[in-house]
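Biologist: I would like a close look at a single part of this model. Please take one helix, and then follow what lies around it and elsewhere in the chain.

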Amino acid sequence: ISGESFVRQILYGQHYFEQEFGVRSRTCWQPDVFGMSAAMPQILARSGIDYVMTIKMFIWNDTNPWRKNTFWWEGIDGSRSLTVVTPSHFIGMVDPDHLHDHWHDYADKEAIGESMYCYGWGDGGGGVDVEMLESARRYQRIKGLPELRHSGAEETLDSIKSKAVDQELPIWRDELYLEAHRGTPTNKGILKKLNRQGEFLLREGELLATLAWLKGTPYPTQELTDAWEIFLTTQFHDSLSGTHINAVLGDLLDEHELVRSLVIDVRQEALSGILDDGYDSSPTTLTVFNSFLHPRNDALMLLATNLD
């Protein structure tokens with residue numbers, strides 16, 4: 001997705017957290033994504049996000065084993081995010097063998113001395129159950145296992161950061177690339193095309209709406225908010241990539257069509273407010289608008305019939 005979409009994902013996500021829970025998240029929590037762009041640290045830093053948490057590279061890289069659990073991820077502009085790649089899956093059981101293997105594979109025992117272990121029935125399975133909680137209580141201090149402590153995600157990451165500042169942690173200057181999903185090809189490529197078209201359409205709709213607002217037309221805040229909220233859900237990692245069951249495809253196509261309809265209405269209303277004499281849709285009038293920041297030299301094809 002585009003940089004603007006990344007920014008909107010954070011913006012709308014933080015709005016939700018504030019409205020529902022009265023807090024802002026300081027963590028980019030991405031356990032199940034298929035890699036991340038090298039532009040992310042800059043976007044996260046400017047959005048007030050301190051941490052990145054992800055998992056799959058450690059357990060799913062199929063050519064170059066990933067062995068960095070704690071490191072500074074440096075973006076293109078030099079911004080840094082403290083990044084944690086845990087050595088076990090985000091769907092975790094509180095069993096002695098899983099806990100032992102997690103700690104055994106953890107590379108920063110000396111430098112950091114503690115690691116984040118995620119457990120619960122992930123992927124919509126219901127979260128943590130009573131047995132897991134009881135096991136975690138019993139295994140807090142047992143010979144042969146690492147010491148356990150319950151903690152919230154950001155409490156854990158704050159603790160890790162307090163230790164990381166005194167260490168020379170590795171610095172990663174690149175994308176976070178997951179080798180198990182090279183490019184994520186799909187026979188549902190129409191979704192990737194519609195995503196890119198939608199990003200351009202939303203940009204154009206907001207631009208025209210702003211120009212119309214400067215001339216006195218009310219800004220369509222609700223319409224554009226509705227369009228963005230629907231559009232952002234289509235970028236879920238198993239939606240845009242095509243890694244979903246066939247029934248989902250129809251729902252996604254309907255959502256893209258709804259977004260398109262909403263933004264086209266915004267665009268047409270804005271054009272009416274921008275043009276001094278109103279928007280003339282008669283067949284003898286052609287209005288061309290360049291929404292880019294640079295001159296364009298494009299060919300236009302005008303198809304018309306029954307013109308006098």
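Modeller: What follows starts with helix α10 and then moves on to the largest pocket, some ring pairs and a few single residues. The model is a predicted one.

Helix α10 covers residues 246-274, 29 residues in total. From its first C-alpha to its last it reaches 43 Å, close to the 42 Å expected at 1.5 Å a residue. The buried residues of α10 are Leu252, His256, Val259, Val263, Val266, Ala270, Leu271, Gly273 and Ile274. The elements that cover these buried residues include α7 (190-214), α8 (221-233) and α9 (237-240).

One residue of this helix can be followed in detail. Histidine 256 is placed in α10. Its relative accessible area is 8%, and because buried means under 20%, histidine 256 counts as buried. Apart from neighbours within four places in sequence, histidine 256 is in contact with Leu191, Leu194, Asn195, Phe231 and Thr234.

The helices that cover α10 also turn up around the largest pocket. This pocket holds about 1,600 Å³ of space. It is lined by 44 residues, and those closest to its centre are Ile1, Phe6, Gln30, Val33 and Gln235. At least two lining residues come from each of α1, β1 (27-29), α2 (40-46), α7, α8 and α9. Helix α1 gives the most to this lining, with ten residues.

Helix α1, residues 3-21, also carries a pair of rings, those of phenylalanine 17 and phenylalanine 21. The two residues are four apart, about one turn of the helix. The structure holds six aromatic pairs. In the pair formed by phenylalanine 17 and phenylalanine 21, the ring centres are 5.6 Å apart and the planes make an angle of 65 degrees, an edge-to-face arrangement. Phenylalanine 17 is partly exposed, at a relative accessible area of 35%, whereas phenylalanine 21 is exposed, at 53%. Ring pairs join Tyr16, Phe17 and Phe21 into a cluster.

Rings also meet charges elsewhere in the chain. Arginine 67 has its charged end over the ring of phenylalanine 58, 4.8 Å from the ring centre. Lysine 68 has its charged end over the ring of tryptophan 66, and here the distance to the ring centre is 5.5 Å.

Proline 65 belongs to the loop between α3 (56-60) and β3. With a relative accessible area of 62%, proline 65 is exposed. In sequence, proline 65 and glutamate 179 are 114 residues apart, while in space their C-alpha atoms are 9.6 Å apart.

Strand β3, residues 70-74, contains tryptophan 72. Tryptophan 72 has a relative accessible area of 16% and is buried. Leaving out residues up to four places away in sequence, tryptophan 72 touches Arg80, Ser81, Leu82, Lys161, Leu169, Pro170, Ile171 and Trp172. Among these contacts is isoleucine 171. Tryptophan 72 and isoleucine 171 are 99 residues apart in sequence, and their C-alpha atoms are 4.8 Å apart in space.

Methods: Residues numbered from 1 in each chain as written. Predicted model: local features only at pLDDT ≥ 70, side-chain atom pairs only at ≥ 80, totals over all residues. Heavy atoms only, no water. Phe/Tyr/Trp six-rings, centres within 6.5 Å; stacked < 30°, edge-to-face > 60°. Buried < 20%, exposed > 50% of the residue type's maximum accessible area, 1.4 Å probe, protein only. Lys NZ or Arg CZ within 6 Å of the ring centre and 35° of its normal. Expected span 1.5 Å × (residues − 1). Contact = heavy atoms within 4.5 Å. 1 Å grid on protein atoms, 1.4 Å probe; cavity = no way out; pocket = protein on both sides within 12 Å on 5 of 7 lines; lining within 4 Å. Points joined across faces, edges and corners; volume = space filled by probe spheres on them.
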